Amino acid sequence: MKKLIPAYVRVPVIFFAVFMAMEYFIDSGDRPAFIKFPMVSVFLFVFLFLLIAIEITVSAVDNITYHLLTEEQKIQLNEANNLSFKDSEWYKKLMTKLTKTESLDNEDQLLLDHDYDGIKELDNNLPPWWVYLFYACIIFGVVYMVRFEVLGADNQEMELKKEVAQAKIDIAEYMKTAPDMMDEKTVTLLTDPADLAAGKEIFTTNCAACHRADAGGQIGPNLTDDKWILGGGIKNVFHTLVNGGRDGKGMISWKGTLKPKEMQKVASYILSLKGSNPPDPKAPEGEVWVEENVTVAVK
């Protein structure tokens, strides 16, 4: 029997439709589902095998059925199979319903009285699909007007503003818990001994050359007293580490060398050295800094 879509097209289309659906609905991270989950590959193989088996079986049944037909039935079947797509009965019925076209035999009843240089006009009905689309546009227009002009629903501009505002809130919440997205506004003071030990190691490797291993000050200022050139506290010290010190004579910026979490640890370690009184410290520089509200990281 004649089929609109041949088997060599039908089988790959069905298989890849199922394949794409499984890849879409199965959460496999950054790897394809059929690679991450072997059972998916097994299922796809079995499914493809069944598709091919079904096509072979249907083809065999059609072939047997054809040989059981009488010669007259075979002729009728061959004529039906040789009909083009547009000559098929169901296609004609479908187009008639969609367009409501009149046959050429009824053309005289549709002719209008006026004539333009021999050109005659027919009074055909509008295609139903066009009429229904027109009605749908009217309904859409009424609903749109009531929703946005009468009830005052958010338009695109207002929706964008709300989404941007919510995105800023989400970003702020994310930055509170994302170490590598930390800045001087979200940084908190660390007090855990392990964090301070890590900060000490970073300080010894990168900062001791200018501030001495005990932070008593050498080229750089003394970090153990209560005076600060660019402000004390975790936020100011973190800001200085990120952006560097005074132009021309201050400390370099460490943002290209240290990660935000590492700078948080070394800044917390520096603040833990206040009042440690190292031997032969450098004279205090800057202004006395008094921390009012200290935000401490809780683990």
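Which helix does Trp90 lie in? Select it and see: Trp90 sits in helix 5, residues 89-99. Keep in mind throughout that this is a predicted model. With a relative accessible area of 44%, Trp90 is partly exposed. Now add Ala153 to the selection: 63 residues separate it from Trp90 in sequence, and the two C-alpha atoms are 46 Å apart in space.

**Stop 1: the two domains**

Zoom out and colour the chain by domain. The domain assignment gives domain 1 as residues 7-82 and domain 2 as residues 193-288. Taken over C-alpha atoms, the centres of domain 1 and domain 2 are separated by 71 Å. For another view of distance along this chain, pick Ser59 and Gly275, which are 216 residues apart in sequence and 92 Å apart from C-alpha to C-alpha. Gly275 belongs to the loop between helix 12 and strand 4 (287-288), and with a relative accessible area of 47% it is partly exposed.

**Stop 2: the annotated transmembrane regions**

Next, select residues 6-26, 38-61 and 129-146, which an unreviewed UniProt entry lists under "transmembrane region". Look first at residues 38-61: this span is 100% helix and 0% strand, and its end C-alpha atoms lie 35 Å apart. Residues 129-146 are also 100% helix and 0% strand, with 26 Å between the end C-alpha atoms.

**Stop 3: helix 1 and its aromatic residues**

Go to helix 1, residues 7-25, and find Phe16 there. Which residues form one aromatic cluster with Phe16? Show the side chains of Phe15, Phe19 and Phe34, and you have the rest of the cluster. Phe16 is partly exposed, its relative accessible area being 49%. Then measure across to Leu44 in your viewer: its C-alpha atom is 9.6 Å from that of Phe16, although the two are 28 residues apart along the chain.

**Stop 4: a ring pair in helix 7**

A search of the whole structure finds ten aromatic pairs. One of them is Phe140 with Tyr144, a tilted pair with 6.0 Å from centre to centre and 35° between the planes. Why are these two residues about one helical turn apart? Because they are four residues apart in helix 7, which covers residues 128-150. Phe140 counts as exposed at 59% relative accessibility, while Tyr144 is partly exposed at 44%.

While you are in this region, click on Cys137. Its relative accessibility of 48% makes it partly exposed.

**Stop 5: the largest nonpolar core**

Move on to residues 194-274, listed in an unreviewed UniProt entry as "domain: Cytochrome c". Over this span the chain is 51% helix and 2% strand, and the end C-alpha atoms are 18 Å apart.

Now show the side chains of Phe203, Leu223, Phe238, Leu241, Met263, Val266 and Ile270. These have the most contacts inside the largest nonpolar core, which has 22 residues. Helix 9 (193-206), helix 11 (233-243) and helix 12 (260-272) are the elements that give two or more residues to this core. Centre the view on Val266 to see some of the packing: leaving aside residues up to four places away in sequence, Val266 touches Gly199, Ile202, Phe203, Cys207 and Leu241. Another core lies apart from the largest one and has seven residues, among them Val11, Phe15, Val40 and Leu51.

**Stop 6: along helix 11**

Which residues of helix 11 are buried? Select Gly233, Ile234, Val237, Phe238, Thr240, Leu241 and Val242 to see them. Strand 3 (227-228) and helix 12 are included in what covers these buried residues. Step past the end of the helix to Gly244, which follows helix 11 and has a positive phi, near 90°.

**Stop 7: the cysteines**

Finish by showing the cysteine sulfurs. How many disulfides does the structure hold? The answer is zero. Select Cys210 as an example: its closest cysteine sulfur belongs to Cys207 and is 8.4 Å away, too far for a bond, since a disulfide needs the two sulfur atoms within 2.5 Å. Cys210 counts as partly exposed, at 36% relative accessibility. You have already met Cys207, one of the residues that Val266 touches.

Notes. Residues are numbered from 1 along each chain as its sequence is written. This is a predicted model: local features need pLDDT of at least 70, side-chain atom pairs count only at pLDDT 80 or more; totals for chains, interfaces and linings use all residues. Side-chain values use heavy atoms; hydrogens and water are left out. Domain bounds come from an automatic or database domain assignment. Buried means under 20% relative accessible area, exposed over 50%, partly exposed in between (1.4 Å probe, protein chains only). A nonpolar core is a set of buried Ala, Val, Leu, Ile, Met, Phe, Trp, Tyr and Cys residues joined through side-chain atoms within 4.5 Å. Contact means heavy atoms within 4.5 Å. UniProt positions are given in the numbering used here, feature names are shortened, and annotations may be inferred rather than shown by experiment. Rings of Phe, Tyr and Trp (its six-membered ring) pair if their centres lie within 6.5 Å; planes under 30 degrees apart count as stacked, over 60 as edge-to-face and the rest as tilted.
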